[in-house]
Amino acid sequence: MQQDSSDLALIVLEDGFIAKGKAWGKRGRALGEVVFATGMTGYQETLTDPSYHRQIVIQTAPHIGNTGVNEVDPESGRVWVAGYVVRDRARRASNWRSTGDLEDLLKSQDVVGICEVDTRALTLHLREAGAMRGGIFSGDALPAGAAYLDQATRDLLVSVVRDQPVMTGAALAADVSTPEKYVVEPAGEYEGKEPLAVVAALDLGIKARTPEQMALRGIQVHVFPQHSNFADIMSVNPDGVFFSNGPGDPASADHEVALARAVLDAGIPFFGICFGNQILGRALGYGTYKLAYGHRGVNQPVVDRESGKVQITAHNHGFAVDAPVEHPSVAPFDGGRYGRVEVSHLALNDGVVEGLRALDLPAFSVQYHPEAAAGPHDAQYLFDKFLRIMQETKEKNATQN
């Protein structure tokens, strides 16, 4: 049966790969880096994760939208994906927590989507060719006669895709960061009590669940904009500094790297996740590089090299730290002034560095997401570790003074 041209949508990759589907969400054009996410659950968290800024996300799970959307699960105040690709959209939302329909959310936030497309073929293509620029085209954004995909139409659409910037070299954290500082107070059993620690968190695309996890452990979290300097951070007299996840190429994050070095120089406990892990790696003097298609999903096995335990973890990153994994190394920055560093965690699927631990400084980081929602929760202990390091450092400093 021939598809109604009014519902036609196309997803176009920069290497000329084109797939037909049905328009979903807003009609129009979406451009960005095309990536795939393998999570079976948590699509609302994916959509609202600022790390997906300027990316078109393919969901490999075949059925999306069945639990609708609600006011609790978002990781930020808006949808950040540039475009959304699914195979089967749910006909109706069915969940006791649901307060709305997924397509209505996409339309209300001007997110161009495509459904009824062969997401398996798209994912396999990206697995072979790597993440690349792409676009979704529907409605008035489709050229006349697009349903027939003659060579002239193909060439036109591919040229539009190739005219957009690549992800390598992109500095995007400022786009997604909070415009003003805000505070998350201790919660749960610690609500209304004196904080066990004070953390200055640099928002590079922070997910809401991250300060929430700290707050549940009695930590007061001051969330700072990306452009903040060391004086800003020190204004709250922090017991520790946290660098969040976020989008873009860590090689472009010179401001953040300089700030991280100021924190390390001051001996303040440092914890970073995802983009924050890459920033710590650069601050220590290691390089970073772009992965072929990245890690994006909630089922990634990572080994803690100290304990030997394997954790199932949530990932969302297209770049990684290039650090030696065989043994602890002297951090190469400035003649090794930060001492010894070890790779604390490794991805078991491909050997990618998933964590760093400074042996002579109170600093560590992981590439994955210990705050993960809708899970898994194997790595939440890292927030307890951060609190313990802050308390131990505070006690040590008090003894020395």
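**Group meeting: strands, cores, a binding site and some salt bridges**

Okay, let's start with strand E19: five of its six residues are buried, so E19 is largely enclosed by the rest of the structure. Before I go on, keep in mind that this is a predicted model.

So what does E19 pair with? On one side of the sequence there's E18, and E18 and E19 pair in the antiparallel sense over five bridges. If you want a residue pair to look at, go to leucine 346, which stands opposite valine 353 in E19. The two strands make a hairpin with five residues between them. Glycine 351 sits in that turn, and its phi is positive, about 75 degrees.

Then carry on along the chain. Four residues take you through a second hairpin, from E19 to E20. E20 covers residues 363–366, and its pairing with E19 is antiparallel too, over three bridges. Here the pair to click on is leucine 356, whose bridge partner in E20 is serine 365.

Leucine 356 takes us to the next topic, the cores. The largest nonpolar core has 36 residues, and Leu356 is among the members that touch the most others, along with Phe243, Leu264, Phe270, Ile279 and Leu284. Which elements give two or more residues to this core? They are E11 (197–202), E13, H8, H9 (275–284), E18 (340–347) and E19 (353–358). So our hairpin strands E18 and E19 are both on that list. As background, in soluble globular proteins nonpolar side chains tend to be buried together.

Let me zoom in on phenylalanine 270. Beyond its neighbours within four places in sequence, phenylalanine 270 is in contact with a long list of residues, including Val241, Phe243, Ala260, Val263 and Leu264. The contacts of phenylalanine 270 also include Gly276 and Leu280, and then Pro362, Ala363, Phe364 and Phe386. Now, Phe364 is a nice one to notice, since it belongs to a second, separate core. That second core has 24 residues, Ile206, Val221 and Phe383 among them.

Right, on to the binding site. UniProt, in an unreviewed entry, puts the feature "binding site" at Ser51, Gly246, Gly248, Phe275, Gln278, Asn316, Gly318 and Phe319. Why do I call that one spot? Well, the positions span 269 residues in sequence, yet no two of their C-alpha atoms are more than 13.5 Å apart, so they gather together. From this set, Asn316 is part of the lining of the largest cavity.

Two glycines there deserve a look. Glycine 246 is in the loop between E13 (240–243) and H8 (254–265), and glycine 248 is in that loop between E13 and H8 as well. Buried or exposed? Glycine 246 is buried, at 9% relative accessible area, and glycine 248 is buried at 10%. Setting aside sequence neighbours within four places, glycine 246 is in contact with Ser51, Leu204, Gly205 and Phe275. For glycine 248, with that exclusion again, the contacts are Met167, Ala170, Leu172, Phe275 and Phe319. So Phe275 turns up in both lists, and Phe275 is one of the UniProt positions.

Last stop, salt bridges. How many does the structure hold? There are 15. Take glutamate 14 and arginine 133, with the closest N and O atoms 3.0 Å apart. Glutamate 14 is in the loop between E1 (8–13) and E2 (18–25) while arginine 133 is in E9, so the pair ties together parts that are 119 residues apart in sequence. And arginine 133 counts as buried, at 15% relative accessibility.

Another one joins lysine 290 and glutamate 33, at 2.7 Å from N to O. Again it links distant parts of the chain: lysine 290 is in E15, glutamate 33 is in E3, and they are 257 residues apart. The two ends are not alike in burial: lysine 290 is partly exposed at 29%, whereas glutamate 33 is buried at 8%.

Then there's a local case, aspartate 88 with arginine 87, at 3.3 Å from N to O. Here aspartate 88 is partly exposed at 31%, and arginine 87 is partly exposed at 38%. And to finish, have a look at Asp7, Arg27, Arg89 and Glu103, which are linked in a network of salt bridges. That's me done, thanks.

Conventions. Residues are numbered from 1 along each chain as its sequence is written. This is a predicted model: local features need pLDDT of at least 70, side-chain atom pairs count only at pLDDT 80 or more; totals for chains, interfaces and linings use all residues. Side-chain values use heavy atoms; hydrogens and water are left out. UniProt positions are given in the numbering used here, feature names are shortened, and annotations may be inferred rather than shown by experiment. On a 1 Å grid over the protein atoms alone, a cavity is a set of points where a 1.4 Å probe fits but cannot get out, and a pocket is an open set with protein on both sides within 12 Å along at least five of seven lines; lining residues have an atom within 4 Å of a point. Buried means under 20% relative accessible area, exposed over 50%, partly exposed in between (1.4 Å probe, protein chains only). Contact means heavy atoms within 4.5 Å. A nonpolar core is a set of buried Ala, Val, Leu, Ile, Met, Phe, Trp, Tyr and Cys residues joined through side-chain atoms within 4.5 Å. Two strands pair if DSSP finds at least two bridges between them. A salt bridge is a side-chain nitrogen of Lys or Arg within 4 Å of a carboxyl oxygen of Asp or Glu.
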